[in-house]
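User: I'm new to this structure and would like a close look at one part of it. Could you walk me through that part and then show me how it fits into its surroundings?

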Amino acid sequence: MALDDLYREVILDHYAHPRNRGRLDPADVTVEGANPLCGDELVLSVRLEGDRVVAARFEGRGCSISQASASMLTEAITGKSVDEVRGLIGAFKAMMRGAGPADSLGDLAALQGVRKFPVRIKCATLAWVALEQGLDERAAGRAPTRTTTETDPA
Amino acid sequence: MELGARVRGDFPLLARTVHGKPLVYLDSAATSQKPRVVLDALQEYYCRYNANVHRGIYAIAEEATARYEAARATLARLLHAARPEEIVFTRGTTEAINLVAGSWGRATLRAGDEIVLTEMEHHSNIVPWQLLAAEKGARLKYVPVTDAGRLDLDALDRLLTERTRLVAVVHQSNVLGTVNPIREIADRAHAAGALVLVDAAQSVPHQAIDVQQLGADFLAFSGHKMLGPTGSGGLWARYELLEAMPPYHGGGEMIVRVDYERSTFKAPPHRFEAGTPPIAGAIVLAVAADYLQGVGFEAIAAWEHTLVAYALERLRDVPGLRILGPTTPEQRGGAISFVMDVAHPHDIAQVLDQEGIAIRAGHHCAQLLHRRFGVEASARASVHLYNTREDIDALVAGLHAVRRLFTRASRPV
């Protein structure tokens, strides 16, 4: 186990220089995520035009892995359709379970090194689990709730 | 030879390696390592005289009972209790506090009564009182913590009223390391007609305790933090308080006679020890107490003071590191919590782990205190008698490595 597997350059860069930090108001999807074990917290907000993500922002506090993953998520989903975003969430979660290929995920593949550090996997998946729940709630017309890694272990 | 180096060999676990590096154990505030004499005593109990206490009419049962009650006497001497019957064995501090809340609290508290806590309490000295207050319609009040990590004792005087029934306060903070002036707090609480419960989980392992001098009414402690086994610990309380308290748990061992509708109960401490107690835990805890007293609390406290002073001084050289709590070693124990500007506590702990250094990261069961300092988590290094200056040097070198790793990425892209 080498630390370089966990703290890849691209991850440290997103942590030190987070992209799309802030909150969209109004937004079409707003969802809170929390990892009670670590105290990681974030709020994701997404604006859609038709079926397409035109903007995504996140704010929150937490470890490098949770914050870098959220930053990378906002970049990865912008410009994609909701179906494409769902596909990406599925592919990301599969990669983090060790059940899917990483090559189609671009920069996000850097997070697969987290798999070797089991207690940190939930840090990496927090933003993704939260986004999935936000999309589900929007599709069902429900009010947003708070997602925690304890209710969905991904 | 300094104390840490002298006793280190007594602790088998400290000889192991982690990730190919020698283990540097700096998480004794979470749990302590165990000396060989404690491990041998545990083995001896199960190999030689494992039997249930207070019931068997045979030799090894009598032996187990005698050793169990002798352990009570040892703990009573350790804390300077008036008599052995003032010690109730529990699974640890948490159960001891819940015992007081569930027995004394439920029998005593009325709607509108008040309990005074402090912002630096561990969740185990907050949540039991919240549950009790909700049941009884009582109010909780909190003594604030100053920026320097000390209790604001002026505020205590304002918080105490004729409705205050209890002041529950930690002796030594598991986060800040602060040692609180229990005697002063107890005198003020008693003047207001309130009782005093002391959470001594972090103090009993490190300093000589005299419950008479402290002026406490209840004192809770854990065995596993004082070189004993997990699942051991106890409650000390003044005997007349215990005598007036109803049972906490019902079951075997604690009764005199059981009838269809009701039962009568034994005198303390057995009234509060329903079921088979942690026999091995109690006996071996006494062995741990003997070991600590053999080394001597004066020597332990002096060595830990030296180590903490050394650590505080060395940590000053780490750029961007902020210590939560007292930054000088006076009235301060061996827990040092800190945050760094470039790295989250979990990342700090992760990088240190790769160097074989074990520290704690998170809220350390003290969310109120972390919120008061404006952070959600901190990293904590904590020492015990077996730590050395080399352990502190390894920590400081590790923190410089953390800084290098995370500032590498902080350059403008």
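Analyst: Let's begin with B:Leu23, which, not counting neighbours within four places in sequence, is in contact with B:Leu14, B:Arg16, B:Thr17, B:Val18, B:Gly356 and B:Ala358. Keep in mind that this is a predicted model. B:Leu23 sits in the loop that joins strand E2 (21-22) to strand E3 (24-25) of chain B. Is B:Leu23 buried or exposed? The answer lies in between: B:Leu23 is partly exposed, because 17 other C-beta atoms are within 10 Å, and being buried would take 20 or more. The chain also comes back towards this loop from far along the sequence: B:Leu23 and B:Leu352 are 329 residues apart along the chain, while their C-alpha atoms are separated by 11 Å.

Now for the wider setting. The domain assignment of chain B gives domain 1 (3-30 + 296-408) and domain 2 (39-293). Their C-alpha centres lie 28 Å apart. Where the two meet, 24 residues of domain 1 of chain B are in contact with 22 residues of domain 2 of chain B. On the domain 1 side, the elements giving two or more residues are H11, E14, helix H13 (367-372) and strand E17 (378-382) of chain B. H11(B) gives the most to that side, with four residues. By class, the domain 1 side divides into twelve nonpolar, eight polar and four charged residues.

Helix H11(B) deserves a closer look. This helix of chain B covers residues 297-315, 19 residues in total, and reaches 26 Å from its first C-alpha to its last, close to the 27 Å expected. Its buried residues are B:Ile300, B:Trp303, B:Glu304, B:Leu307, B:Val308 and B:Ala311. Looking down the axis of H11(B), you would find these buried residues within an arc of 135 degrees, so they line one face of the helix. There is a general reason for such a pattern: an α-helix has 3.6 residues a turn, so residues three or four places apart point the same way. On the other side of H11(B), B:Glu298 and B:Ala302 are exposed. The cover over the buried residues of H11(B) includes helix H1 (3-7), helix H10 (279-295), strand E14 (335-340) and helix H14 (389-408) of chain B.

One of those covering elements, H10(B), leads us to the largest nonpolar core. This core has 166 residues, and those with the most contacts inside it are A:Leu44, A:Ala127, B:Val198, B:Leu219, B:Ile283 and B:Ala288. H10(B) gives the most to the core, with twelve residues. Both domains of chain B take part, as the core draws at least three residues from each of domain 1 and domain 2. Let's pick out B:Ile283: leaving aside neighbours within four places in sequence, B:Ile283 is in contact with B:Ala41, B:Tyr45, B:Arg67, B:Tyr68 and B:Ala71.

Finally, let's turn to where chain B touches chain A. That contact takes 17 residues from chain B and 16 residues from chain A. On the chain B side, the elements giving two or more residues are helix H12 (345-354) and H14 of chain B. H12(B) gives the most, with five residues. By class, the chain B side has six nonpolar, eight polar and three charged residues.

Key: Residues are numbered from 1 along each chain as its sequence is written. Chains are lettered from A and ligands numbered from 1 in the order in which they are written. This is a predicted model: local features need pLDDT of at least 70, side-chain atom pairs count only at pLDDT 80 or more; totals for chains, interfaces and linings use all residues. The expected span of a helix is 1.5 Å times one less than its number of residues. A residue is buried if 20 or more other C-beta atoms lie within 10 Å of its own, exposed if 12 or fewer, and partly exposed in between; C-beta atoms are placed from the backbone. The arc is that of the directions from the helix axis to the C-beta atoms. Two residues are in contact if their C-beta atoms, placed from the backbone, lie within 7 Å. Ala, Val, Leu, Ile, Met, Phe, Trp, Tyr, Cys and Pro count as nonpolar, Asp, Glu, Lys and Arg as charged, and the others, Gly among them, as polar. A nonpolar core is a set of buried Ala, Val, Leu, Ile, Met, Phe, Trp, Tyr and Cys residues joined through C-beta atoms within 7 Å. Domain bounds come from an automatic or database domain assignment.
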